[in-house]
Amino acid sequence: MEHAKWEENRAQHLTALKDKLKLKLKPEHVVAWNAFAQASQPSMHAKGADKQAMRGEFEKLTTPQRMDKMLAMSDRRRARMVERTQAVKTFYAQLNPQQQSVFDAEAMHTGHRGHGHPRG
């Protein structure tokens, strides 16, 4: 899916989530909602030529160097996940129990297809 279309779908999803939570953002919610929305945006993965360049780079490395590079990429993904988790926890703590139930149900329908996350 092209990036602009993906961004449009993401914006629609966040708007729908806000509506389902019946969330009228109070000043104390704005910071947490903005942090959640920003952290929920996945980083763009390498595409096409970028992947080819990365493969070419990997081919020039020794096996230990490739392993170090893969470990560094894994560390960056984990750091991003920690950031997302903290943003979700901060936002979630500001919701009332009914909103938390809605959020819990909606969270089961998000994620990236093909990456082991349920999708509705």
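The following exercises, each with a worked solution, concern a predicted model of one protein chain.

**Exercise 1. Establish how many helices and strands the protein chain has, and where the confidence of the prediction is lowest and highest among its elements.**

Begin with the inventory: the protein chain holds 5 helices and 0 strands, and reading along the sequence gives the pattern α-α-α-α-α. Turn next to confidence, where the mean pLDDT of the chain is 79 and 81% of its residues reach 70 or more. Among the elements, helix α3 (residues 48-60) has the lowest mean pLDDT, at 77, whereas helix α4 (residues 63-93) has the highest, at 92. Over residues 112-120 the pLDDT falls below 50, although this stretch still has 15 contacts in the model beyond near neighbours in sequence. Where pLDDT is low, the predicted coordinates should not be read in detail.

**Exercise 2. Identify the residues that make up the largest nonpolar core, and find which helix gives the most to this core.**

The core consists of 11 residues, namely Leu14, Leu17, Leu21, Leu23, Ala32, Trp33, Phe36, Ala37, Phe91, Leu95 and Phe103. The elements that contribute two or more residues are α1 (3-20) and α2 (27-39), and α2 gives the most, with 4 residues. To see how one member is placed, take Leu23, which, leaving aside neighbours within four places in sequence, is in contact with Lys18, His29, Trp33, Phe91, Leu95 and Gln99. As background, nonpolar side chains in soluble globular proteins tend to be buried together. For the chain as a whole, 17% of the 120 residues count as buried.

**Exercise 3. Decide whether Gln99 is buried or exposed, and describe what surrounds this residue.**

First locate the residue: Gln99 lies in helix α5, which spans residues 97-107. Its relative accessibility is 11%, and therefore Gln99 counts as buried, the cut-off being under 20%. Not counting residues up to four places away in sequence, Gln99 touches Leu21, Lys22 and Leu23, and the side chain of Gln99 reaches the backbone oxygen of Leu21 at 3.0 Å.

Now widen the view to the helix, whose buried residues are Gln99, Phe103 and Glu106. Seen down the axis of α5, these buried residues fall within an arc of 65°, so they line one face of the helix. The face turned away from that buried side carries the exposed residues Pro97 and Gln98. At the N-terminal end of α5, Asn96 acts as a cap, with a side-chain oxygen 3.0 Å from the backbone nitrogen of Gln98.

**Exercise 4. Work out which residues Arg10 touches beyond its neighbours up to four places away in sequence, and whether Arg10 is buried or exposed.**

Arg10 is found in helix α1, and because its relative accessibility is 16%, Arg10 counts as buried. Once residues up to four places away in sequence are set aside, Arg10 touches Ala37, Gln38, Ser40 and Gln41. A polar atom of the Arg10 side chain lies 2.2 Å from the backbone oxygen of Ala37, and Ala37 is one of the residues of the largest nonpolar core. The C-alpha atoms of Arg10 and Gln41 are separated by 8.1 Å, with the two residues 31 apart along the chain. As a last step, set this beside the chain as a whole, in which residues 24 or more positions apart account for 56% of the contacts with a separation of 6 or more.

Definitions and conventions:
Residues are numbered from 1 along each chain as its sequence is written. This is a predicted model: local features need pLDDT of at least 70, side-chain atom pairs count only at pLDDT 80 or more; totals for chains, interfaces and linings use all residues. Side-chain values use heavy atoms; hydrogens and water are left out. pLDDT is the predictor's confidence in each residue, from 0 to 100. Contact means heavy atoms within 4.5 Å. A nonpolar core is a set of buried Ala, Val, Leu, Ile, Met, Phe, Trp, Tyr and Cys residues joined through side-chain atoms within 4.5 Å. Buried means under 20% relative accessible area, exposed over 50%, partly exposed in between (1.4 Å probe, protein chains only). A polar contact is a pair of N or O atoms within 3.5 Å; within protein, one must be able to donate a hydrogen and the other to accept it, and residues adjacent in sequence count only if both atoms are side-chain atoms. The arc is that of the directions from the helix axis to the C-beta atoms.
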